[in-house]
Amino acid sequence: MERSRHVLQSTLSVARRSVVLNAFAPLPRSVHTSSAAAVYALGGIRLTRTCAPRWLNGALPAVTATFVASRPGSTWAVAVRHLSSEPAPGAAAAEAAEPKEDKKKAMFLLLSGSKEPQPIQISLDDRVIVALEATAKVLEAELQKQVQGIVMALNDKGNYEIRWPKGADDDVASYILAHEYSAVEAGYEYQGAFAIGVKRVKMLSLASLLFTSLGGPLLVIGEANPSPMQYGMCVAIIFFGVSTTGLLHLITSPYVVALRRLADKSFEAETPLLSGGTATTRFLPEHVQPSGAPFATFTAKGRKFFIHKELFIGDEAQGMLWDLLGPGEVEAMYEAQLAKDPEDPDALYNYGRFLWLVKHDATAAATAIDKVLALDSDDKGAMELLAHIKAGTPP
């Protein structure tokens, strides 16, 4: 934990301009402009910009921007260097005139439930994070799971601040480092095949529950002398709505809609809630235990999780699955596929790549690829892979 704080302090000690420019570097055009506007809002700056044509992607040399600071010493004018090929007017003067007491630095985080990086300002010395309202609420909820004494409030500028007690610096630094945009984005992220479908079905189930809960009592409301059959129908309708919604939640609650590996090698899984939202659970590889229960692939921290193992396609994805479930479970998945169809060339090819690149068993990998070539001698992909295996060079 102490190391996490030192690493984050080193990151934040970089010049503010470098932090902002590096944070923008990986983003597509649409994210650049939306995230930039969000950061500038934190600094109290009005942004006037003209954009290049929408078909441009990546760097935007044609974008120009004019910033009017609402307070002296704008801390964000230097960000224009990434959005324009020319230095921002007055950027050096603005940076030099920045108040010395402002120790907060800019970062981007990839948080639960968000597909785009969220800007924050953080100071470990002052133990404060400044963020936009939606970002601050998510951060508060996530940090409260790990840190006691998290407090969120508005500062004198109307921005949301999150503060934490003195003894929690290491835990906060660990969380921030693990969710830094560049660290999270670099890894493979699993998406459940039925993630959208599960959400839609749950919303439909909630609507059904609402209608049955309101419609059932209408059978007896307004009746002078309701009959026992009317009461029975009322109870049956409500019971039907509650039971079907509860059963659906029981079945879908372990379903992992998203799974990512963070910078500290921990995992973060998102599962559906009864309300239609998602719950985020963070766990380490040592917390994972394979499960043979229905609708469960593994358990962690006392919870069941279900994933489609066959969706982990690619070397990085297979490495992630290996780290998550261990070698036995991954090999068992391929063996089950090949038991159903021993002459499936795709399964044999993927199994061969897994054996070589993840398990580092060149002999078994070559055997699997030889079987692919026995089925199709003109398979160029298999021939190239076999040549790399024999030469011991990566593909």
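## Buried and exposed: the starting point

A residue is called buried when its relative accessible area is under 20%, exposed when that area is over 50%, and partly exposed in between. With that cut-off, Glu142 counts as buried because its relative accessibility is 10%. Please keep in mind that the model you are looking at is predicted.

How many of the 395 residues of the chain count as buried? The share is 42%. The chain exposes about 20300 Å², and carbon and sulfur atoms supply 59% of that area.

## The overall fold

The chain has 15 helices and 14 strands. Take the contacts between residues at least 6 apart in sequence: 55% of them join residues at least 24 apart.

## Salt bridges

Across the whole structure, the search finds eight salt bridges. Glu142, the buried residue met above, pairs with Lys145, and their closest N and O atoms are 3.4 Å apart. Lys145 has 52% relative accessibility, so this partner counts as exposed. Elsewhere, Glu189, Arg260, Glu268 and Glu270 are linked in a network of salt bridges.

Which residue forms a salt bridge with Lys359? The partner is Glu331, with the closest N and O atoms 2.7 Å apart. Lys359 sits in the loop between H13 and helix H14 (362-375), while Glu331 belongs to helix H12, so the pair ties together parts that are 28 residues apart in sequence. Lys359 is partly exposed at 32% relative accessibility, whereas Glu331 is buried at 16%.

## Around Val128

Let's turn to strand S5 (residues 128-131), where you will find Val128. Val128 has a relative accessible area of 3% and is therefore buried. Leaving out residues up to four places away in sequence, Val128 touches Lys104, Gln121, Ile122, Ser123, Glu161, Ile162, Arg163 and Trp164.

Arg163 deserves a second look. Its C-alpha is 4.7 Å from that of Val128, although the two residues are 35 apart in sequence. Arg163 also forms a salt bridge with Glu161, where the closest N and O atoms are 3.3 Å apart. Glu161 is buried, with a relative accessible area of 16%, and Arg163 is partly exposed, with 39%. Both members of this salt bridge are thus among the residues that Val128 touches.

## Helices H11, H12 and H13

Two packed helices are described by the angle between their axes and the distance between the axes. For helix H11 (residues 315-325) and helix H12 (residues 327-340), the axes come within 6 Å and cross at roughly 125°. That angle makes H11 oblique to H12. On the H11 side, the contact is made by Gln318, Leu321, Trp322 and Leu325; on the H12 side, by Pro327, Glu329, Val330, Met333 and Tyr334. The buried residues of H11 are Ala317, Gln318, Gly319, Met320, Leu321, Leu324 and Leu325. Just after H11 comes Gly326, which takes a positive phi of about 95°.

Helix H13 (residues 345-358) holds Tyr351. Is Tyr351 buried or exposed? With 12% relative accessibility, Tyr351 counts as buried. Apart from its neighbours within four places in sequence, Tyr351 is in contact with Glu331, Tyr334, Glu335 and Leu338. The C-alpha atoms of Tyr351 and Tyr334 are 6.4 Å apart, and 17 residues separate the pair in sequence. Two of these partners have appeared already: Glu331 in the salt bridge with Lys359, and Tyr334 in the contact between H11 and H12.

## A surface patch and positive phi values

A nonpolar surface patch of about 410 Å² is made by Leu247, Leu250, Ile251 and Phe295. Ile251 is part of helix H10 (residues 228-252) and counts as partly exposed at 34% relative accessibility. Phe295 comes from the loop between strand S12 (289-290) and strand S13 (298-300).

Most residues other than glycine have a negative phi. Phe295, however, has a positive phi of about 60° without being a glycine. Lys301 is another residue other than glycine with a positive phi, in this case near 55°. Lys301 lies in the loop between S13 and strand S14 (303-305) and is exposed, with a relative accessible area of 53%.

Notes:
Residues numbered from 1 in each chain as written. Predicted model: local features only at pLDDT ≥ 70, side-chain atom pairs only at ≥ 80, totals over all residues. Heavy atoms only, no water. Patch = residues over 30% accessible without salt bridge, like charges linked within 9 Å, V, L, I, M, F, W, Y side chains within 5 Å. Areas by Shrake-Rupley, 256 points an atom, 1.4 Å probe, with all protein chains shown as cover. Salt bridge = Lys/Arg side-chain N within 4 Å of Asp/Glu carboxyl O. Helix = DSSP H or I, 4+ residues; strand = E, 2+ residues; numbered from the N terminus. Buried < 20%, exposed > 50% of the residue type's maximum accessible area, 1.4 Å probe, protein only. Contact = heavy atoms within 4.5 Å. Axes fitted to C-alpha atoms, helices over the stretch in contact; angles between N-to-C directions. Parallel < 35°, antiparallel > 145°, perpendicular 65-115°, else oblique.
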